Every structure is written in C-alpha cells, then in structure tokens.
Amino acid sequence: MDGLRVVPTADGSSTLYSERFKATYHSVNGALTESMHVFIKSGFEAILQNKKNVDVLEIGMGTCLNAALTGWVAQMYGARVHYTGIELFPPTVEVLNSTGYHAVLEPECAELWEKIVAASASEPVPVSTWVTVSKLYVDFIGWNPNNMYDLVYFDAFAPDDQPEMWSIENFNKLFNALKPNGALVTYSAKGLVKQNLRQAGFYVERLAGPPGKRHMIRAWKNEPK
Ligand SMILES: C[S@@+](CC[C@H](N)C(=O)[O-])C[C@H]1O[C@@H](n2cnc3c(N)ncnc32)[C@H](O)[C@@H]1O
C-alpha cells in the first residue's frame, strides 16, 4: 500500500507509518488526541476567539484527519473555513479507508472526513455549508503561497526525520503568508524549531503538549496582547 501501513495508537484511533520517511503520521500516544490538542484546541479554537471566517493552511495534509476535525468544529462555532491542504504524497483512498477513521470519529465528523477524502484536487470543493477544501498536491519546499491565511497547521514529519521542512526560509514563507494576528501551530517544541521560527519573525509561545509530549508550539505573526 504505497509504503504506508496502518498502526494502532493509544487512544484507539490509528495512524499511518511511512516506509519512505520511517515515521508515523501522528503520535503513537494517540492520533486523534494529538490532532485535537495541537491543531484544534491550541490553533483553531484560539483563532476563533476573534474571527468567524478563517483561512486555514495545512502543511502535510496526509490522512485528512485535521481537515475533518476543523470542519466539524467550525460547524459547532458557526464559523466558515476555507481549508487548503498541501501534500506531496497523497495516500490512496484505499489506504485512507483502512485507517478506520469513519468508525472512530463522531458520525458528523466521519461524514465530513469521507467527503474530504473523496474531494478532487483540481478545484476548491465545498464539503459542507461551513467548509470548502482545496487540496494542493505540490512540494511545499518549492511552493509559493498566493493567498493569505489566518492559521497554519504545520504537520510535517519531525525535524529529525525531515529537517528541510523546518528551515528559516520555509517559516519565512509562511510568516509572509499569514494575515495580521495569524498563527502557526505545530507539535514539535524542539529548540531549533523555536529558533528558526523566531528568526523568521514569529513570536513563539510554548504550550503544554499532548500525551507523551511535554510541549508544543504556537507562533504568532504579531506580539500576543
Ligand atoms: C506527519 S505526516 C502528516 C499527517 C497529517 N497531517 C495527518 O493528519 O494525517 C507529514 C505529511 O507531509 C507530507 N509531506 C512530506 N514531504 C512533503 C513535501 N515536501 N511537501 C508536501 N508534503 C509533504 C507527507 O506525505 C505526510 O503526509
């Protein structure tokens, strides 16, 4: 299956293991728990404090789990989201279905996930009243944003597995693509990541991490008040 296999994680949700990168797509301490903590609670819900129309950019869309959770939570808040997911190696629908996410997610979220998985990559696809998804199957390294975003989910493989993704240059590109008061969230709180984010202009906040990780990072375009 494309050098990808499904592996279980501690909260009962599964993740993928990539032979190419020798890494899992999520924490083995709980895939769903990590996504909810890092991207939804610490990222999306923080931005929703001030905005109800949100442009989200995900680096490494992978299983579409973060996109589905975002769409599901958007509906609860009555927020509108345009979600752009960058992915160089999109898993096949067969691989995605073997994750069992349709069974583990809340029914409304599972329905959204299935629509996002099935969405074509050639144009923006409305998957609900609240969410439109644009899948971009491109290499993040050479990609130049031509839109502005409120929130970046930086979900690349870890800095030790794929260091080129976490460079000052790449963070600078994302900094410039953020709207005022926008933020980037990521699960890694490695020293070099914080350093590179600061060099790129971000105000870096260290937050409590999901199970198995002491910290994570939320980095702001403007100094938080
Ligand atoms: C940690 S996994 C992402 C997990 C994903 N957010 C999810 O919830 O399933 C990292 C993802 O980045 C993708 N990726 C690796 N190198 C990339 C690149 N140069 N450009 C875009 N995507 C890349 C991988 O294929 C993989 O799907």
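**Sheet and ligand site in a predicted model**

Three strands (DSSP runs of E of at least two residues, numbered from the N terminus) form an open sheet in the order 1-2-3 with antiparallel pairing, where two strands pair if DSSP finds at least two bridges between them. Strand 1 (4-8) and strand 3 (23-24) stand at the edges with a single partner strand each, so one side of each has no neighbour in the sheet. This is a predicted model, in which local features need pLDDT of at least 70 and side-chain atom pairs count only at pLDDT 80 or more, while totals for chains, interfaces and linings use all residues. Residues are numbered from 1 along each chain as its sequence is written, and side-chain values use heavy atoms, with hydrogens and water left out.

**Strand pairing**
- Five bridges join strand 1 to strand 2 (residues 14-18) in the antiparallel sense, and Val6 has Leu16 in strand 2 as its bridge partner.

**Ligand surroundings**
- The ligand has 21 residues around it (a heavy atom within 4 Å), of which Glu58, Gly60, Thr63, Glu87 and Asp155 come nearest.
- The shell around the ligand comprises eleven nonpolar, six polar and four charged residues, with Asp, Glu, Lys and Arg counted as charged and Gly among the polar ones.

**Polar contacts (N or O pairs within 3.5 Å)**
- The side chain of His26 places an N or O atom 2.9 Å from an oxygen atom of the ligand.
- A nitrogen atom of the ligand lies 2.8 Å from an N or O atom in the side chain of Glu58, and a polar side-chain atom of Gln162 is 2.8 Å from a nitrogen atom of the ligand.
- Taken alone, the ligand exposes 600 Å² (Shrake-Rupley method, 1.4 Å probe), and the protein buries 98% of that.

How values were computed. A polar contact is a pair of N or O atoms within 3.5 Å; within protein, one must be able to donate a hydrogen and the other to accept it, and residues adjacent in sequence count only if both atoms are side-chain atoms. Helices (H or I, at least four residues) and strands (E, at least two) are DSSP runs, numbered from the N terminus.
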